[in-house]
Amino acid sequence: MKKYIWLSIFILTALIGGAVFAVREITYAQYEGAEASVQQALDTTVLQKVIDVEPFTGGMDGFFISGKDELGRAVYIWTQDEKVVARAYANQGLAKDKAIAAAKKPVWSKSLVRPEIAETKLQPLVEVVYATPGPVLPKVKTEFSSAPSKFVWELYGKFANGESGYTYLDFKSGEVLWQIQLTEPK
C-alpha cells in the first residue's frame, strides 16, 4: 500500500512539473525570439523566475520580462536583439495600479523634451488596455527621453474624449512625459 502512495505522489509531481514547464514554453512560444531573450536574461541578470514575457515597443523593439530574483523581489528586464538592455527592481518605481491611477488623473512633468507640449490639454485615460514599464535608452531619441528616472510606464487605452492612445509616465513620479492620441477613421 505504501508503495502505491509513493508511486502516486511521484507521478503527480511529474505531471505538475511537466504542466508548469509546458505553460512556460507556450507563453514564450507565442513571441518569436522570446525564448532566447529570456534565456539571456536568466543567464546574465539576477532574474531567477520568469513570471511574464511580452513585447515592448516604446522606443525599441524587444521584450519586457517580469520575474523574481533569488530573494523573491520583483525584477523587470528588457531585451533587444536577444541582449539585455535594461533592468530595474519593481520597487524602484510606481506599482502598476499606481501608474494606472496616475494616468486617470494626469499631470504634466516639469521634465519634457519639448516644453511647448505642456500647453496641450491632457486627456485622462478612462479605460486602460495595457500598462507596461519600459526603459529610456540613451541612444534612442523619443518624446519621453527626458524621464528623470530613465524608465517610463507606457499605458495604452481609451481617453475621456473617446479617442484611443498612449500615455507615457515617469516611472517614479507618475507625471506625464508624453501623450499621443490615435485618431481612428470614422
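**Buried contacts, cores and strand pairing**

T45 is buried, with a relative accessible area of 13%. The model is predicted. T45 lies in the loop that connects α2 (34-44) with β1 (49-56). Two polar contacts involve its side chain. One reaches back to the backbone oxygen of A41, at 2.5 Å. The other places a polar side-chain atom of T45 3.2 Å from the backbone nitrogen of L47. Beyond four places in sequence, T45 touches I77, V84 and R87. The value of 13% falls below the 20% limit, so T45 counts as buried.

The largest nonpolar core comes next. This core holds 26 residues, and the members that touch the most others are Y76, W78, W108, F151, W153, L155 and L169. Two or more residues each come from β3 (74-80), β4 (83-89), α3 (96-104), β5 (125-135) and β6 (151-159). The biggest share is that of β6, with 4 residues. In soluble globular proteins, nonpolar side chains tend to be buried together.

L155 illustrates the contacts made by a core member. With residues up to four places away in sequence left out, L155 touches A99, I100, A103, L125, V128, Y130, A131, G165, Y166, T167 and L169. A second core is separate and has 12 residues, among them V50, V53, V75 and I77.

Aromatic rings were examined across the whole structure, and 11 aromatic pairs were found. Y76 and F171 form one edge-to-face pair, with ring centres 6.4 Å apart and 70° between the planes. Y76 sits in strand β3 and F171 in the loop between β7 and β8, so the pair links distant parts of the chain, 95 residues apart. Both Y76 and F171 are buried. F171 also pairs with W153. Here the rings are stacked, at 6.1 Å centre to centre and 25° between the planes. This pair again links distant parts of the chain: W153 belongs to strand β6, F171 to the loop between β7 and β8, and 18 residues separate them. W153 has a relative accessible area of 1% and is therefore buried. F171 counts as buried because its relative accessibility is 1%. Ring pairs join F64, Y76, W78, F151, W153 and F171 into a cluster.

Strand β3 contributes Y76 to the edge-to-face pair. It is mostly covered, with 5 of its 7 residues buried. β3 pairs with β2 (residues 62-68) through 6 bridges, and the two strands run antiparallel. Within this pairing, G67 has V75 of β3 as its bridge partner. β2 and β3 form a hairpin with 5 residues between them, and G72 in the turn has a positive phi of about 85°. β3 also pairs with β4, in the antiparallel sense and over 6 bridges. V75 stands opposite Y89 of β4. The hairpin of β3 and β4 has 2 residues between the strands; there, D81 takes a positive phi near 50°.

Strands of a sheet pair through backbone hydrogen bonds, either parallel or antiparallel. An open sheet of 4 strands follows the order β5-β6-β7-β8, with antiparallel pairing. β5 and β8 (176-182) are the edge strands, each pairing on one side only. Neighbouring strands of the sheet are turned by 20° against each other on average, direction ignored. α3 packs on this sheet and touches β5, β6 and β7. The direction of α3 makes about 125° with that of β5.

The pairing of β7 (residues 164-170) with β8 is antiparallel and spans 6 bridges. G165 has Q181 of β8 as its bridge partner. Y166 is matched in the same way with I180 of β8. β7 and β8 form a hairpin with 5 residues between them. In the turn, G174 has a positive phi of about 80°.

How values were computed
Residues numbered from 1 in each chain as written. Heavy atoms only, no water. Core = buried A, V, L, I, M, F, W, Y, C linked by side-chain atoms within 4.5 Å. Buried < 20%, exposed > 50% of the residue type's maximum accessible area, 1.4 Å probe, protein only. Contact = heavy atoms within 4.5 Å. Pairing = 2+ DSSP bridges. Axes fitted to C-alpha atoms, helices over the stretch in contact; angles between N-to-C directions. Polar contact = N/O pair within 3.5 Å; in protein donor to acceptor, adjacent residues only side chain to side chain. Phe/Tyr/Trp six-rings, centres within 6.5 Å; stacked < 30°, edge-to-face > 60°.
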